[in-house]
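Visitor: I should like to take a close look at one part of this structure. Would you kindly guide me through it in a connected account?

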Amino acid sequence: MKIFVILSRFPYPLEKGDKLRAFNQIKSLSKNHEIILFALTDTALHKDAMNILGKYCKKIHVFRLTMLSILYHLIKVFFNGKPFQVGYFYNNSASKMVKKIIHEEKPDHIFCQLIRVSEYVKDINIPKTLDYQDAFSVGVERRYHNSPFYKHPILKIEYKRLQKYEHDIFNYFNNKIIIAEQDRDKIMHPQKDQIHIIRNGVDMEYFKPLQKEKCTDLVFTGNMNYAPNIDSANFLVHKILPLLRITHPKIKIRIAGANPALSVRILASENIEITGWIEDMRKCYAESKIFIAPMQLGSGLQNKLLEAMSMQIPCISSSIANNSLKAKEDKEILIGKTPEDYVNHIISLLENPSKADTLAANGHQFVSENYSWEKHNTMLEQIIIHS
């Protein structure tokens, strides 16, 4: 089968969740099918990007979005009622390029990752699958309640538009998939139960336990230019750390991830390391006693938790993050609701190594049993084949 894959970002390097998911889906599907990739990008490609994806794709097409084009289409959607998420990634020339590729390649199936790119093919009469991935409207709603008042008007507009678009685009696709039940439940469509749950996975051969000196007490990872991660980093430093320093004044924290925003960079201090881009994130996990992800915003599954658990690092996170993960509280993960909760969990793990080891082992077993890329991508392949 020839599958035409359309992405809003080129799936390399793997510093963002949507890239990681797309890369592993393409890698898996390419074993039995011919992949034609079309990817948008608003930045220059990584020097290795084409070679790495070339291993799995028969042909690769890249369209560079310019800031002028993005601004034009954002203004356009302001008046036509579509979400800004959709407007940002839409381009008339890109649309013509997509139609030209479809005409020349005659794919058997079209796979769109995220509603951001669904406009390009929603009217094409070829079997199609849409990966919602997350309910974007939920993420924007949470940002609304945690943002300064001056951002409220635009976030309120985007929330309502996303909710409507998530409903409307449903009917244009033969198959719909999403990462977690909690996000599926937020898609406001009467037939939302038809959306298949296709979870993410973790490469346990790559993210495996490593013996390293534990030179950091706490580590938090992710794309540090992403609003929920920025918020979490600030929550960690401004809300949790002051209470933690009462009993552990010399505690060391590492915040690791690409493109740290200014509000993250200024958190750096003698005991707080802001790394920026890390070529091999396994080192950060392995050198840390505890992984912490105090997520207050966002939606969907946190891949960072899968990676840390796979490397047998004890994990502390929020109920928001664990709603998708579904690890057993107090057995496979610790859950914080208040800064005091997080502090108590951190101290209990630092001062009780056997408890930390048991939690880490249970977390490792949990991801081993529930988060296999092979298992979930086989399910995706069957959905595509039988559409």
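Guide: The following account concerns the nonpolar patch on the surface, the helices that contribute to it, and then the sheet. Please bear in mind that the model is predicted.

The patch is formed by L71, I75, F78, F79, I154 and I157, which together have about 590 Å² of accessible area. Two elements, α3 (67-80) and α7 (152-168), each give two or more residues to this patch. Helix α3 gives the most, with 4 residues. One residue of the patch, I75, lies in helix α3. I75 has a relative accessible area of 46%; it is called partly exposed because this value falls between the 20% limit for buried and the 50% limit for exposed.

Let us now turn to the other contributing helix. Helix α7 has 17 residues, and from its first C-alpha to its last it reaches 24 Å, close to the 24 Å expected at 1.5 Å a residue. Its buried residues are L155, E158, Y159, R161, L162, Y165 and E166. The cover over these buried residues includes α3, α4 (84-88), β5 (128-133) and α6 (136-145). Thus α3 gives residues to the patch and is also among the elements covering the buried residues of α7.

Strand β5, another part of that cover, leads us to the sheet. Here 7 strands form an open sheet with parallel pairing, in the order β3-β2-β1-β4-β5-β6-β7. The edge strands, β3 (59-64) and β7 (196-197), each pair on one side only. Strand β6 (residues 175-178) pairs with β7 in the parallel sense over 2 bridges, and I197 in β7 is the bridge partner of I178.

Note on methods:
Residues are numbered from 1 along each chain as its sequence is written. This is a predicted model: local features need pLDDT of at least 70, side-chain atom pairs count only at pLDDT 80 or more; totals for chains, interfaces and linings use all residues. Side-chain values use heavy atoms; hydrogens and water are left out. Two strands pair if DSSP finds at least two bridges between them. Patches are made of residues with over 30% relative accessible area and no salt bridge: like charges are joined within 9 Å, nonpolar side chains (Val, Leu, Ile, Met, Phe, Trp, Tyr) within 5 Å. Accessible areas come from the Shrake-Rupley method with a 1.4 Å probe; for residues, only the protein chains shown count as cover. A salt bridge is a side-chain nitrogen of Lys or Arg within 4 Å of a carboxyl oxygen of Asp or Glu. Buried means under 20% relative accessible area, exposed over 50%, partly exposed in between (1.4 Å probe, protein chains only). The expected span of a helix is 1.5 Å times one less than its number of residues. Contact means heavy atoms within 4.5 Å.
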